[in-house]
Amino acid sequence: MRFDVYSPLALSLLLAAAGPLTGRYVAPAAAARVLAVAAVVTAGATTWSLVLLGAALLGDMPPAVRGAGQGGAAADPVPVVIGLAAWPALVVVGVRLHRAVRAERRTRRALRRLCAGHPADTELIVAASAVPRACAVPGRPGRILVTSAMLGAPGPAGRRALLAHGRAHLAPVPYTP
């Protein structure tokens, strides 16, 4: 059981170390897909490991996991300290997940509000702001949101590059295995 429970925790450390290298040496589209899938799988496995460690403390482990079939009394597979540490870690995971989902919803709502009221064929939306920012707003239709400070900063060639960059973010990415 030790390998099954602790390996996702080790894999998350490996992903943290290998992620920047993957992003640096692999094509961006492939790296984004690989890292996103790896992050989701690792996060799920790590959360499950924390659940198993915390449940072992409470004695709620299934008999197969607790060592049934080994004959005699099953030894406690998880030290109490590790079981106690798993519970706060699970709380942190839950709180961070809740905050991330809430922030994502808030951001999407704000972007939709900024894009509302513009005709469907409008590709560029300029928001009045002294902070230079630009982002691609996905959806149908996808749009490029630029602040007035960002639009005024570069020259004509820079503005063309800015719009081309935004269009590249909105272009569908063909899947090439």
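How many of the 177 residues of the protein count as buried? In this predicted model, the share comes to 20%. The surface that the protein exposes adds up to about 12100 Å², and 67% of that is supplied by carbon and sulfur atoms.

As for the fold, the protein is built from six helices and three strands. Walking along the sequence, the order reads α-α-α-α-β-β-β-α-α, so by the DSSP runs used here the three strands come after four helices and before another two. Contacts across the sequence were looked at too: among those with a separation of 6 or more, 49% link residues that sit 24 or more positions apart.

Helix α4 spans residues 80-115, and a good part of the charge story plays out there. By the rule applied, the count of salt bridges is one. The partners are Glu 104 and Arg 108, whose side chains meet with an N to O distance of 2.7 Å. That pairing qualifies because a side-chain nitrogen of Arg needs to be within 4 Å of a carboxyl oxygen of Glu, and the distance here is 2.7 Å. Both residues belong to helix α4 and are four residues apart, or about one turn of the helix. How open to the outside are the two partners? Glu 104 has a relative accessible area of 39%, so it ranks as partly exposed. Arg 108 is also partly exposed, with a value of 45%.

Then there is the arginine-built patch. Arg 96, Arg 99, Arg 102, Arg 105, Arg 106, Arg 109, Arg 112 and Arg 113 together form a positive surface patch. Arg 108 is not on that list; patches are made of residues with no salt bridge, and Arg 108 is tied up in one with Glu 104. Of the patch members, Arg 96 can be placed in helix α4. Its relative accessibility is 61%, and Arg 96 therefore counts as exposed, the cut-off for that label being over 50%.

Thr 46 gives a view of the other end of the scale. This residue is found in helix α2, which covers residues 28-58. Is Thr 46 buried or exposed? With a relative accessible area of 16%, Thr 46 is buried, since that label applies under 20%. What does Thr 46 touch, once its neighbours within four places in sequence are set aside? The contacts of Thr 46 are then with Pro 8, Leu 9 and Ser 12.

Definitions and conventions. Residues numbered from 1 in each chain as written. Predicted model: local features only at pLDDT ≥ 70, side-chain atom pairs only at ≥ 80, totals over all residues. Heavy atoms only, no water. Buried < 20%, exposed > 50% of the residue type's maximum accessible area, 1.4 Å probe, protein only. Patch = residues over 30% accessible without salt bridge, like charges linked within 9 Å, V, L, I, M, F, W, Y side chains within 5 Å. Areas by Shrake-Rupley, 256 points an atom, 1.4 Å probe, with all protein chains shown as cover. Lys, Arg positive; Asp, Glu negative; His and termini not counted. Charge placed at Lys NZ, Arg CZ, Asp CG, Glu CD. Contact = heavy atoms within 4.5 Å.
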